[in-house]
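Thank you all for making time for this. I would like to walk you through a protein that may be new to you, going slowly from one helix to another.

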Amino acid sequence: MPETADPIASRLVLVTGPSGAGRSTAIRALEDMGYEAIDNLPLSLLPRLVPGAGVEKPLALGIDARNRDFSTTALIEAVDRMEAPGGAPVQLLYVDCDAEVLLRRFSETRRRHPLAPAESPGVGIAREFDLLKPIRARADILIDTSELSPHDLRAELEQWFAPQGQSRLAVSVHSFSYKRGVPRGLDMVLDCRFLRNPYWDEALRTLDGRDMRVSGYVAQDPRFAAFRDKVVDLAQLLLPAYEAEGKAYLAIGFGCTGGQHRSVTMAETLAAALAKGGWPVSIRHRELERRGATEAPRIGAQHMGDADDQQGERLR
């Protein structure tokens, strides 16, 4: 197992390799780890993007041999300039693959090879291998994906590049109204409409589920405690499994009739429980944001010093 790279030394990562080997998958994995990712960057733009002795945040740049200004010599010279004293710390990652495996991948997808669009994929693969041979020899890190799944590749990259404490699955908890439909992109949806509805109490009707009076009202439902406990237990069971599978982001939604009371209370409750367990959690209330609702008192003492951003999403 390779030693985990120093986050400072790994701030600038140039990612290249033959077509079909997994370069784009590697770029997406690095982006999920917190790197700012730019794919298919023309080499002529590299000096403008990294002009000084480093970058403000981790940066992953995908270099594709198909770019019109690509040059093996130019790429190696650019790396040498950045590695010179006073330059930006850089690592050249080469994502490699066996020629026979690449040929099988192109055959399965029925894609033409970008370096041999009018010829067989085998010709393009051989041509690209010859073109990239000096870069492969110059690479700081070489990962062969011939026998790796996308999840295996992600795990390999995390060993080298994941900043300490930033490789955990990020969870987003949403509340919404079924009247406006289920938000797109949710991985898990739970219906709260069976819980007692504060809407029918005139003193609570204008408040929302972030208010302790509303959450207390919902919690008086005899089914609430069991529902809450089972939802929290389910999340705590599934999140480590999804993280081990290589998933970087999970969105959980709670819906009710108006998206104001019950779903908001449950979203706040689950988010607080997960944050207490150390998971990176953001929370978003779609209907409250739509109405421009201001911050309300939190549920008991479970708030974690949240601060609303411009999107109404709070990071914990």
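Let me begin with the part of the model where the buried residues of helix α1 pack against their surroundings, which are β1 (12-16), β2 (36-38), β3 (59-62), β4 (90-96) and α6 (150-161). Please keep in mind throughout that what you see is a predicted model.

Which residues of α1 are the buried ones? In this helix, which covers residues 23-32, they are Arg23, Ala26, Ile27, Ala29 and Leu30. When one looks down the axis of α1, these buried residues fall within an arc of 165°, and so they line one face of the helix. Just after α1 the chain comes to Gly34, which takes a positive phi of about 110°.

Among the partners I listed is α6, and I would like to stay with that pair for a moment. The axes of α1 and α6 are 10 Å apart, and the two helices pack at an angle of about 50°, which makes α1 oblique to α6. Their crossing is right-handed. On the α1 side the contact is made by Thr25, Ala26, Ala29, Leu30 and Asp32, while α6 contributes Pro150, Leu153, Arg154, Leu157 and Phe161. If we sort the residues of this contact by class, we find seven nonpolar, one polar and two charged.

Before going further along the chain, let me point to Asn40, which sits in the loop between β2 and α2 (46-49). Asn40 has a positive phi of about 55°, although it is not a glycine. Is Asn40 buried, partly exposed or exposed? Its relative accessibility is 34%, and therefore Asn40 counts as partly exposed.

Now I would like to turn to a second pair of helices, and I will come to it by way of a single residue. Val232 is found in helix α8, which spans residues 224-245, and because its relative accessibility is 13%, below the 20% cut-off, Val232 counts as buried. If we set aside the neighbours within four places in sequence, Val232 is in contact with Leu270 and Ala273. Between these two in the numbering comes Ala271, whose C-alpha atom is separated from that of Val232 by 9.3 Å, although the two residues are 39 apart along the chain.

Leu270 and Ala273 also appear in the contact between α8 and α9, so let me describe how those helices meet. Helix α9 covers residues 262-276, and its axis and that of α8 come within 10 Å and cross at roughly 45°; α8 and α9 are therefore oblique to each other. This crossing, too, is right-handed. From α8 the contact takes in Phe224, Phe227, Arg228, Val231, Val232, Ala235, Gln236 and Leu239, and from α9 it takes in Thr265, Met266, Thr269, Leu270, Ala273 and Leu274. By class, that gives ten nonpolar, three polar and one charged residues.

Finally, let me step back to the protein as a whole. Its secondary structure comes to ten helices and ten strands, and of its 316 residues, 45% count as buried. Taking the contacts between residues at least 6 apart in sequence, 76% join residues that are at least 24 apart.

Definitions and conventions. Residues are numbered from 1 along each chain as its sequence is written. This is a predicted model: local features need pLDDT of at least 70, side-chain atom pairs count only at pLDDT 80 or more; totals for chains, interfaces and linings use all residues. Side-chain values use heavy atoms; hydrogens and water are left out. Buried means under 20% relative accessible area, exposed over 50%, partly exposed in between (1.4 Å probe, protein chains only). Helices (H or I, at least four residues) and strands (E, at least two) are DSSP runs, numbered from the N terminus. The arc is that of the directions from the helix axis to the C-beta atoms. Contact means heavy atoms within 4.5 Å. Axes are lines fitted to C-alpha atoms, for helices over the stretch in contact, and angles run from 0 to 180 degrees between N-to-C directions. Angles under 35 degrees count as roughly parallel, over 145 as roughly antiparallel, 65 to 115 as roughly perpendicular and the rest as oblique. A crossing is left-handed if the near helix is turned anticlockwise from the far one by less than a right angle, and right-handed if clockwise. Ala, Val, Leu, Ile, Met, Phe, Trp, Tyr, Cys and Pro count as nonpolar, Asp, Glu, Lys and Arg as charged, and the others, Gly among them, as polar.
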